[in-house]
Amino acid sequence: MTPEPPSPTGTHDTLSGPPPGCPAHGLGPGGPRRLYGPEAEHLSELYERLREEHGPVAPVLLHDDVPMWVVLGHAENLQLVRQASQFTRDSRIWTPLRDGRVKPDHPLMPHIAWQPICSHAEGEEHKRLRGAVTAAMETIDHRSVRRHIGRYTQILVNSFCERGRADLVSQFAEHLPMAVMCEILGMSEEYNDRMVQAARDALKGTETAIQSHTYVMEALSRLTTRRRARPEDDFTSHLITHPAGLSDDEVREHLRVVLFAAYEATANLLANALRMVLTEPGFRAQLNGGQMTVPEAIEQSLWDEPPFSTVFAYYAKQDTELGGRQIRKGDGLLFAPAPGNVDPRVRPDLSASMQGNRAHLAFGGGPHECPGQDIGRAIADVGVDALLTRLSDIQLDCAEEDLRWRSSIASRHLVALPVRFEPKPQQDVDLPPQAMPVPQQRSHWQVGTLSTDPTPAAEPQPAAARPAATPVPAPPALPASPQPPRSRGLWGRLLVWWRGE
């Protein structure tokens with residue numbers, strides 16, 4: 001937003017502190033609000049205050065009080081991403097950047113700085129780069145990917161299933177997407193705790209974000225060098241050998257975009273979906289009763305808690321209007337799926353099910369719509385299904401009000417999701433997950449309900465259940481049998497879906 005009257009924030013207030021033209025000018029009621037610091041601790045509430053004060057497009061301040069707009073309306077967000085003639089992803093035209101107000105060490109610079117990637121390009125260059133990415137995506141064997149997802153899920157669940165307790169964020173949701181994406185890219189040897197931590201930190205906008213970003217880029221550089229010398233059948237090799245002739249820099253940057261976007265989006269999606277299953281009775285009841293499949297549950301989560309709260313960023317190519325606000329050439333605008341998905345004009349009743357509706361903003365839209373969204377959905381669908389199958393009596397191991405989130409401008413990340421369950425034996429990671437016997441027998445596959453008694457052994461047993469005794473060793477994995485009698489029940493359908501039949 002250019003600092004000259006009339007103010008694009010819509011306020012003419014004068015403060016005794018910053019002079020007119022300062023990015024912080026006009027702070028307070030009716031003026032721009034900071035999307036960082038103490039007042040941004042609860043961003044969802046802040047977005048609603050901004051909606052009340054300004055409507056579907058509101059003025060905000062990034063770190064160092066750099067001005068920007070945030071788009072809160074559902075229709076306005078779609079207009080932003082679809083009108084390539086008026087808005088671009090090329091940050092080089094952003095006025096605060098051109099004026100030197102955005103320093104090279106700005107915490108959000110990894111998101112803001114222009115890169116030679118398709119999401120920042122336009123016209124023929126966008127077609128060339130996006131075409132290479134899309135073509136490489138199309139070479140991915142989705143059946144093979146589902147097997148990778150299933151195998152890594154089994155490995156992760158095996159690491160904690162015998163303990164009877166786990167944190168599904170740090171031990172599952174943060175690891176599964178990185179493991180799968182490293183496999184898809186062709187860098188399975190790079191998958192480890194350090195890679196997971198670096199990716200998480202680089203996306204937070206913290207003081208160490210740049211160092212973490214560098215760590216990931218070094219791994220991608222090594223991968224690019226190896227595959228340039230010796231291509232194999234993986235995403236990276238197909239990207240390198242595409243007729244578009246991407247340079248090493250272009251390859252690395254597109255690998256970064258694919259890795260970061262898929263990792264962050266899917267890690268948050270997994271955590272959010274599992275939290276909803278464990279804490280929301282209506283959600284769990286629909287899943288248990290067969291009224292909602294796991295993929296439909298994932299889609300509901302994408303409406304209620306999109307993995308990215310906002311996406312950096314779009315920039316006005318000319319003076320224009322959006323949501324009743326006058327946007328000047330060079331202004332920056334945040335694409336904001338989180339507030340856009342709860343726009344009261346689209347969802348007047350937030351408790352109403354969005355089953356079958358994929359009009360959410362979670363994967364963007366227009367020329368830069370996420371090309372890998374099907375991979376993210378597959379990781380969440382298969383991962384959640386396999387975990388719930390293995391741990392069918394899973395319960396939240398803390399009070400729901402004790403759950404905590406770590407928020408940044410870009411996303412809202414669940415810090416931990418502690419759960420408990422009856423200890424289970426490990427399973428063969430190359431076979432589909434098998435539901436193991438638990439003390440309380442069930443007539444069909446279901447997600448365990450939350451018990452008020454913290455001791456799982458104290459759960460009431462049905463009359464037909466076997467008395468609690470010395471735990472019986474788990475039987476070896478066997479081929480699918482006709483038991484239970486209803487072979488076409490939910491478990492049977494899920495097993496068919498798992499195998500890709």
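**Close-ups around strand β3**

Of the contacts in the chain with a separation of 6 or more, 72% are between residues 24 or more positions apart. Keep in mind that this is a predicted model.

**View 1. The whole chain, before we zoom in.** You're looking at 501 residues, and 53% of them are buried. The chain has 17 helices and 13 strands. Its accessible surface comes to about 22100 Å², with carbon and sulfur atoms holding 53% of that.

**View 2. Strand β3, tucked inside.** Here we pick out residues 66–71, which make up β3. Six of the six are buried, so the rest of the structure largely encloses this strand. In a regular strand, side chains alternate between the two faces of the sheet. Now check who points where: Val-66, Met-68 and Val-70 go one way, while Pro-67, Trp-69 and Val-71 go the other way. Whichever way they point, all of these residues are buried.

**View 3. The hairpin of β2 and β3.** Strand β2 covers residues 57–62 and runs antiparallel to β3, with six bridges joining the two. One pair to find is Leu-62 in β2 and its bridge partner Val-66 in β3. Three residues sit between the strands of this hairpin, and Asp-64 takes a positive phi near 65°.

**View 4. β3 meets β9.** Jump along the chain to residues 332–335 and you reach strand β9. This time the pairing with β3 is parallel, over three bridges. Look for Val-70, whose bridge partner in β9 is Leu-334. Val-70 is also one of the buried residues from View 2.

Methods. Residues are numbered from 1 along each chain as its sequence is written. This is a predicted model: local features need pLDDT of at least 70, side-chain atom pairs count only at pLDDT 80 or more; totals for chains, interfaces and linings use all residues. Side-chain values use heavy atoms; hydrogens and water are left out. Helices (H or I, at least four residues) and strands (E, at least two) are DSSP runs, numbered from the N terminus. Buried means under 20% relative accessible area, exposed over 50%, partly exposed in between (1.4 Å probe, protein chains only). Contact means heavy atoms within 4.5 Å. Accessible areas come from the Shrake-Rupley method with a 1.4 Å probe; for residues, only the protein chains shown count as cover. Two strands pair if DSSP finds at least two bridges between them.
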